[in-house]
Amino acid sequence: DKGPYPYYMLKEINEQPNIMRKLSQEYLDVDGKPTVDPKIISAMKKADRLYIVGAGTSYHAGLIGKALFEKLVHIPTEVHISSEFAYSDALLSQRPFFIFLSQSGETADSRVVLNNINKDYDSLTITNVENSTLSREATYTMLLNAGPEISVASTKAYTAQIALEAILAKALGEAVGQTTAQNFDVKRELSLAANGMQAVIDDKDRIDQISKKYFVHANRAFYIGRGEDYYVSLENALKLKEISYIQAEGFASGELKHGTIALIEKGTPVFALITQKKTAALTRSNLEETESRGSKGLTVVRKALAQPGDDFIIPDMSELLTPLVSVIPAQLLAYYTTLNKGYNVDRPRNLAKSVTVE
Ligand code: F6R
């Protein structure tokens, strides 16, 4: 039931702040200590490397997981597109542990990988659908509990997956004695994220205006950033292209000048994410390089890094979890652009919600 919403996508975008609070209640105790199944943690503790596997938006959530696990647990973490990994004859580490990310739990590409490794290695499926195939076939499972995601374009599953990865990384990091994990107040971060998400959602009319002005008539758009901001850019671009049919690319901002900047024309929207202190100045100058070639630059910036003229300011919070908030403006931008172009937001052409063929 869509309730008062014209489309499920808008409803699902709006649910995200509450999902953050719910995950916090479900997987953290009152003191903010993770209550993850100890069997999962002891299996993961034996691993020398994590392999995160997923497709589409779930793959993009996995990329954020790499940053979380490497920074909070100090364990090398690889992230793979399931359809590629399935046939790659990858050289695995001595003691791999696999994490499957799948909203539906039914994605065929990911099932092939699970079948390949199932005899030899332990795995965990993080999914939104209880009893789904990937959750039944993996050694362990954790539920996103984000409520059914109906819109073909995934929104709340992405942020729920990141939140759960953060809780898991905190739990594992503490279990192996990492001080960065001990000092990471995931409960507080999820609450900051929920508030930050809500502030962007409350600003949605302005996003509609930006959509009408700069996106509806564009034939291509770029989303840029570095590090985690780059990973979110990939997700932002997927959201726009899959429902509005505007060709969009997520790009590592430093890589633009190595060729792709040739595509910038007068008015081409370039949407930059600037939430990481180490790379903020660099991404800004990469954005300016596109603006001097005529692009329309837009920025999503963490408060401490903000400058006059920035378009969206997100709260100061751990740089590890800014993706939870920095993804929201582009989710809404994709929504409004699609609506403004007169397309069906929830049912884009050529796509199915659950992809059960390879
Ligand atoms: C994009 C989208 C898809 C899915 C992908 C994986 O908005 O929804 O890219 O993320 O098909 O699906 P799951 O997570 O169900 O394995």
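## Exercises around the ligand

An oxygen atom of the ligand sits 2.6 Å from an N or O atom in the side chain of S102. This is a predicted model: local features need pLDDT of at least 70, side-chain atom pairs count only at pLDDT 80 or more, and totals for chains, interfaces and linings use all residues. Residues are numbered from 1 along each chain as its sequence is written, and side-chain values use heavy atoms, with hydrogens and water left out.

**Exercise 1.** Find which residues besides S102 have a polar atom by an oxygen atom of the ligand.

*Solution.* Start with the side chains: a polar atom of T107 lies 2.4 Å from a ligand oxygen. Then check the backbone, where a polar atom of V152 is 3.2 Å from an oxygen atom of the ligand. A polar contact here is a pair of N or O atoms within 3.5 Å. Last, look at the cover: the protein hides 89% of the 410 Å² of accessible area that the ligand has on its own (Shrake-Rupley method, 1.4 Å probe).

**Exercise 2.** Describe the shell around the ligand by count and class.

*Solution.* Count first: 14 residues surround the ligand, with S58, S102, S104, T107 and E242 the closest (a heavy atom within 4 Å). Now sort them: four are nonpolar, eight polar and two charged (Asp, Glu, Lys and Arg count as charged, and Gly is among the polar ones).

**Exercise 3.** Pick out the salt bridge that E174 makes.

*Solution.* The structure holds 17 salt bridges (a side-chain nitrogen of Lys or Arg within 4 Å of a carboxyl oxygen of Asp or Glu). In one of them, E174 meets K33 at 3.2 Å, N to O.

Conventions. Polar contact = N/O pair within 3.5 Å; in protein donor to acceptor, adjacent residues only side chain to side chain.
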